[in-house]
Amino acid sequence: MKTLDNFDFKNKKAIIRVDFNVPLDKDFNVTDTSRIEAAKPTIIKVLEDGGSVVLMSHLGRPKGQSNPDMSLKHIVDKVSEVLGIEVKFAEDCIGEAATTASNNLKSGEVLLLENLRFHKEEELGDPDFAKELSQLGDIYVNDAFGTAHRAHASTTIIAKYFKGSKCFGYLLAKEISAIEKILKTGEKPVTAILGGAKVSSKITIIENILDKIDHLIIGGGMTYTFVKAQGGNIGDSICEDDKMELALTILSEAKKKGVTVHLPIDVIAADDFDNNANTQITDVGSIPDGWQGLDAGPKTLEMFGDVILASKTILWNGPVGVFEMESFSKGTIAIGNYIDKATKEGAFSLVGGGDSVAAVKQFGFEDAVSYVSTGGGAMLESLEGKSLPGIAAIIED
Ligand code: AMP
């Protein structure tokens, strides 16, 4: 894997695809700088080598048209503050404005280009547009995992104009090696904890990881499709009836592959989908009509805990209850605590994919796990075993 460390950037201009798609408030202030901070080590490495940096990113969904609300000029000051250096800005990402600004850039300087998605050619992966972008730098660096599953001009197509002079940034390299630890190189036993609402959204992941894991913990809303398929009573719990056969197939495939599947034993059932609903603890297969399982029960958590604490490599994707409601957040918090403990005892833990990242942030487990993936869709597609075009474009020279 070619990273920044394979290059000396002295007197070179790095053109870096970053993900500065940051949240802005109504006055266009950046409300969360984590994505900018995440790209900082890559930028600093180039500057410290004695090179200069051209940064390109998208912001929001301007759909191929200029839109002042989504201009990257709003973030220039924040990027300057985070990097500790005054960042220059080009009012377009191609053409005269970009070319002049890039030509004038000296070693140690940073230039931020205007929103790539103001041009429809970006998302279309247009080769001429990618070529124009490529002329703004000597070495191409991709450090945007969040868009690595898109074959856009700046994430993929541009790479072909940099034969022998392209690499991954530190952030992207870290994401790739974290996923490889789960899918290829992780120490056994490897455990995947899959929760969330639906089986249908996780099926491709399950199919891909069954060959790679030793234990599969299933929690959250997905549980009930499995339980009903096995003949349990799930009351009014969420269920995908059309996926019941698939659930049984997953269980038999897992058995064939030597994967131990752990389904909840008991649940917190509620008489309404409401934080203030009445609740009771029931066996997972004996939920009365009018009640729905909204969180993992105590016996389940203890059992899940034993599996997690015995694991050396852990993937967590999806909450095990309706964590947005306090009354049903305890299971998800308990899982976070077990992963925290396992990680402290030497396990590698990766949290990724939409709602589990939100849960980890909400409950303050960000520093407790080994790695929190920043790329929602890209992370899910990697776990599904798909080759990401942005990554392939750097690897194929
Ligand atoms: P996902 O995006 O697939 O990871 O799903 C996350 C969502 O699943 C969260 O919004 C949770 O509230 C929801 N969820 C988790 N457990 C349950 C459950 N038992 N019943 C209904 N929804 C659930």
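The following paragraphs lead through the sheets, the nonpolar cores, the aromatic pairs and one helix residue of this structure. The model is a predicted one.

A useful starting point is the way strands are arranged. Strands of a sheet pair through backbone hydrogen bonds, either parallel or antiparallel. The parallel kind appears here in an open sheet of six strands, whose order is β10-β8-β7-β15-β16-β17. At the edges of this sheet stand β10 (260-262) and β17; each has a single partner strand, so one side of each is left without a neighbour in the sheet. Further inside the order, strand β7 (residues 190-194) runs parallel to β15 and is joined to β15 by five bridges. Within this pairing, leucine 194 is found opposite asparagine 317 in β15. A helix also belongs to this picture: α11 lies across β7, β15 and β16 (348-351), and runs at about 155° to β15.

The antiparallel kind can be seen in an open sheet of three strands, with the order β12-β11-β14. Here the edges are taken by β12 (279-283) and β14 (292-296), and because each has a single partner strand, one side of each lacks a neighbour in the sheet. From one strand to the next, the twist averages 45°. Strand β11 (residues 266-270) pairs with β14 in the antiparallel sense over four bridges. Valine 267 stands opposite alanine 296 in β14.

Attention may now turn to the interior. In soluble globular proteins, nonpolar side chains tend to be buried together. In this model, the largest nonpolar core has 65 residues, and those with the most contacts inside this core are Leu113, Phe145, Leu216 and Leu350. Helix α6 gives the most to the core, namely eight residues. The core draws at least three residues from each of domain 1 (4-172) and domain 2 (186-383). Leucine 113 may serve as an example: leaving aside neighbours within four places in sequence, leucine 113 is in contact with residues including Val54, Leu72, Phe89, Cys93 and Leu136. There is also a second, separate core of 29 residues, which includes Ala39, Ile75, Val110 and Val141.

Aromatic rings offer another view of the packing. How many aromatic pairs does the structure hold? It holds three. In one of them, the rings of phenylalanine 7 and phenylalanine 9 have their centres 6.1 Å apart and their planes at 45°; the pair is therefore tilted. Phenylalanine 7 has 13% relative accessibility and so counts as buried. Phenylalanine 9, at 0% relative accessibility, is likewise buried. Phenylalanine 323 and phenylalanine 363 form an edge-to-face pair, with 6.2 Å from centre to centre and 80° between the planes. This pair links distant parts of the chain, 40 residues apart: phenylalanine 323 lies in the loop between β15 (313-317) and α11 (330-344), and phenylalanine 363 in the loop between α12 (354-362) and β17 (371-372). Is each ring residue of this pair buried or partly exposed? Phenylalanine 323 is buried, at 4% relative accessibility, whereas phenylalanine 363, at 22%, counts as partly exposed.

The last stop is glutamate 180, which is placed in helix α6 (residues 170-185). Its relative accessible area is 33%, so glutamate 180 is partly exposed. Not counting residues up to four places away in sequence, glutamate 180 touches Thr185 and Gly186. The C-alpha atoms of glutamate 180 and leucine 383 are separated by 9.5 Å, although these residues are 203 residues apart along the chain.

Note on methods: Residues numbered from 1 in each chain as written. Predicted model: local features only at pLDDT ≥ 70, side-chain atom pairs only at ≥ 80, totals over all residues. Heavy atoms only, no water. Helix = DSSP H or I, 4+ residues; strand = E, 2+ residues; numbered from the N terminus. Buried < 20%, exposed > 50% of the residue type's maximum accessible area, 1.4 Å probe, protein only. Contact = heavy atoms within 4.5 Å. Phe/Tyr/Trp six-rings, centres within 6.5 Å; stacked < 30°, edge-to-face > 60°. Pairing = 2+ DSSP bridges. Axes fitted to C-alpha atoms, helices over the stretch in contact; angles between N-to-C directions. Core = buried A, V, L, I, M, F, W, Y, C linked by side-chain atoms within 4.5 Å. Domains from an automatic or database assignment.
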